[in-house]
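The exercises below ask the reader to work through a structure with the coordinates open alongside, and each task is followed by a solution that proceeds step by step.

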Amino acid sequence: MPSRVPAPFASFLLPALFFLAAQTSPTTTPSGFKDFSAEEAPTEQTFLAVPDPKLAGEELKTLTAEPHIAASPEDHKTAEYVAQKFKEAGLDTEIVPYKAWLNMPKEVKVEAWDADGKLLMSGPVKEHVDGNEPFQDDPRVTPAFNGSSPSGDVTAPAVYANYCRPEDFQKLKDLNIDVKGDIIVCRYGGNFRGVKVYIAQQLGAIGVIIYSDPSDSGYYRGDMYPHGAWGPETSVQRGSVQFMFKYPGDALTPGVASRPDLPESQRIPLDKVTSLPKIPSEPLSYHDAAPILEHLGGPDAPREWQGALPFTYHIGPGTKVHMLLNMDYQYRTIWDVIGTIPGTDFPDEWVVAGNHRDAWVYGAVDPNSGTAAMLEAVHGVGVLLKSGWKPKRKIVFCSWDAEEEGLIGSTEWAEDHANQLAHAVAYFNTDVGVSGPNFEASAVPSLKEFIRDVTKSVPSPKGGTVYDQWKKNQAEAARRRNTSGVEEHGARGNAHVDSDVNVGDLGSGSDFTPFIQHLGVPSSDIGSGGPYGVYHSVFDNYAWFTMNADPTFVYEQEMARVFGLLVVRMADTDVLPYDYLTYGKEIVAYIDTAEKKAKDDGVTGIDFSQAKAAAAKFTQLAEQVKIKQQQSTSDSTQQLATLNAQLRAVEAGFLSEPGLPNRPWFKHTIYAPGEYTGYAAVVIPGVNEAIDAKDSSRAQQQMTVLIEAITKATTTLDAIAK
Ligand SMILES: [Zn+2]
């Protein structure tokens, strides 16, 4: 599951040019080192020369040879393959099993009739394209279904609700349409699919169909596979509908590691579970959804609800739908692969890097383009180890399982190691490693400058550095927006407090979630995007990848270099290179934006002044800490250990033990996935979601929680500055 929507207009960029092995010297000297050019630069040059496009391509081909959904025998084979690669590089490697409550489809049936009782469709059809498609006919391809959907047998009138966002249901309400007892037809896009089901369930709907409209991922966007990158007629987006914004991971063990030997008494009973939907849902292709939509009567859907199918979309009623889902729920074993390298100077300061390995089907882009990049990064680290290099910090490479079902492998492992992770210095994620040539990143503010610095040290296949191309891309995107008049759909409150390349905020949708939002480990997520209309379908396979995403694997090489260099550099810095000045400025901007929103929405009685003062104080001290960081690189190892522990404790200050209202698993007071957006980040979530709910007393109470957290972090900054 990727954390970001694919970039719409990217494929016109030049194809990869051949380039020399990494000879790019950083354009600025990275911070945190006593003597970067003498101590670190040679190590990095050695590392950067290793990741190999051809090997990445071979690794991707091996990983995606068979469908390998979590907990399947083929998934276990990929775990053994990754473990073998880790071992070859010299990592201390272990396959770590967890036991999770997972569903697989036994029987899936959707039928529809028009108002006269005439059968319109009986499906779903198998995903299929004409021509030579080498992967679609494998009998192990899992039928399309939603992870975490319950079984169900429901028949009801269908109602079309656009993207099924809160504002879409509000529109239906304004039109006096009650969706109680109906089956809701949603199109993919605009939010996380679990949110669509969550809202429909709250409004009393009895079933949900989620389909891929050609306007969002099909022919309206460009040529369809096998002629292009976009989704063909029968392509279906599988996916989890777990309420991950309540808590991710195994549904029966929130906050507790679901080890195989965990007694039943420590797993919560099913009736206490809040992360599983109660109404059935099923994803459909537009081939199967079109007849349902075409025969809907009632009012015309609003203009902006119209998709690209060749008829006018109506809201309903008019079509009757029958959904029969028979799900096989069981405890199933999943397998993380963990490879470690001990640290010399700061052995308890872990640098963790991960990518998931399980796929809904073949998963060439999602997630194994990231796995191949990680394996080539590990290959480079292995060459360093053989040359005698020893990192100052402990390095942990992780290949997660069952991410697709609900971030399960990463969440269970993070819960298992919560004590050690309390002083892990960073978690670096990549999920969709490569779907095209456009580098993108999200991170906590303290890591944004570090990520930019790393991309300044890595060459781009298009010439210059990754940073140069990233900057050029963002400038072009901004220019297109200006000429088209289309506003950027960033996360609400996304503060861009400097004029440099924008690094996004972390929402959810991938394995960084337990690290930053549950445990407060400074985290980032990187990927390289392009047109990608086959997400979570059988067509996300090696043939699609080599045709559309990265035919010569040079972007795989680029991602391996960036991902690996994040790890190597962070493991070697003398002083942790966290940028708390930017963090402070962003928090100030978040509070200002929330105040404006409260005012615009008429939510009164919230005092913003104390929070603003707390954030200003944080920012002021962060400026002094920045100087201290620059002056301390020559300190003794003992002094550095103390300073680094304090620097790390600043982020921990942002955690609040009780967590967010009604979702205590989420403990970070600055970032969370939105309860009603899912993928996108909500900043200062306690306050902002209370404002959204027009609940000023909850907003004020959450303001107090926020002030306490900022003050806690500020106290640590103060101790460092002294
Ligand atoms: Zn993924």
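**Exercise 1. Determine which helices supply at least two residues each to the lining of the second largest pocket, and describe that lining.**

Step 1. In this predicted model, helix 12 (445-455), helix 17 (580-600) and helix 18 (609-631) each supply at least two residues of the lining of the second largest pocket. Among these elements, helix 18 gives the largest share of the lining, five residues.

Step 2. The second largest pocket has a volume of about 440 Å³, and of the 24 residues that line the pocket, Ser-31, Glu-449, Pro-577, Asp-579 and Lys-626 are the closest to its centre.

Step 3. Sorted by class, the residues of this lining comprise eleven nonpolar, six polar and seven charged.

**Exercise 2. Find the disulfide, state its handedness, and work out which parts of the chain the pair ties together.**

Step 1. With a cut-off of 2.5 Å between cysteine sulfur atoms, the count comes to one disulfide, and the bond joins Cys-164 to Cys-186 with an S to S distance of 2.1 Å.

Step 2. Because the torsion about the S-S bond of Cys-164 and Cys-186 is about -85 degrees, the disulfide is left-handed.

Step 3. Cys-164 lies in the loop between strand 4 (152-160) and helix 4 (166-174), while Cys-186 belongs to strand 5 (residues 183-187), so the pair ties together parts that are 22 residues apart in sequence.

Step 4. To judge burial, apply the limit of under 20% relative accessible area. Cys-164 has 0% relative accessibility and therefore counts as buried, Cys-186 is likewise buried at 0%, and Cys-398 also counts as buried because its relative accessibility is 0%.

**Exercise 3. Identify the residues with the most contacts inside the largest nonpolar core, and follow the surroundings of Phe-428.**

Step 1. The largest nonpolar core has 204 residues, and those with the most contacts inside it are Ile-184, Val-352, Phe-397, Trp-413, Leu-421 and Phe-428. Helix 16 (residues 554-572) contributes the largest share of this core, twelve residues.

Step 2. Once neighbours within four places in sequence are left aside, Phe-428 is in contact with partners that include Val-351, Val-352, Ala-353 and Gly-354, as well as Leu-447, Phe-450 and Ser-524. The contacts of Phe-428 also include Phe-563, Leu-566, Val-567 and Met-570.

Step 3. There is also a second, separate core of ten residues, which includes Ala-251, Leu-660, Trp-665 and Phe-666.

**Exercise 4. Establish how many cavities of 30 Å³ or more the structure holds, and describe the linings of the largest and the second largest.**

Step 1. The structure holds nine cavities of 30 Å³ or more.

Step 2. The largest cavity has a volume of about 80 Å³ and is lined by 14 residues, of which Leu-660, Thr-669, Gly-686, Gln-702 and Val-705 lie nearest its centre. Helix 20 (685-692) and helix 21 (696-721) each supply at least two residues of this lining, whose classes are seven nonpolar, six polar and one charged.

Step 3. The second largest cavity holds about 60 Å³ of space, and the residues that line this cavity include Trp-101, Leu-102, Asn-103, Gln-242, Ala-251, Tyr-329 and Glu-405. Strand 1 (residues 92-113) gives the most to this lining, with three residues, and the lining as a whole has six nonpolar, four polar and one charged residues.

Step 4. Comparing these results with Exercise 3, Leu-660 appears both in the second, separate core and among the residues nearest the centre of the largest cavity, whereas Ala-251 belongs to that second core and lines the second largest cavity.

Technical notes. Residues numbered from 1 in each chain as written. Predicted model: local features only at pLDDT ≥ 70, side-chain atom pairs only at ≥ 80, totals over all residues. Heavy atoms only, no water. 1 Å grid on protein atoms, 1.4 Å probe; cavity = no way out; pocket = protein on both sides within 12 Å on 5 of 7 lines; lining within 4 Å. Points joined across faces, edges and corners; volume = space filled by probe spheres on them. Helix = DSSP H or I, 4+ residues; strand = E, 2+ residues; numbered from the N terminus. Nonpolar A, V, L, I, M, F, W, Y, C, P; charged D, E, K, R; others polar. Buried < 20%, exposed > 50% of the residue type's maximum accessible area, 1.4 Å probe, protein only. Core = buried A, V, L, I, M, F, W, Y, C linked by side-chain atoms within 4.5 Å. Contact = heavy atoms within 4.5 Å.
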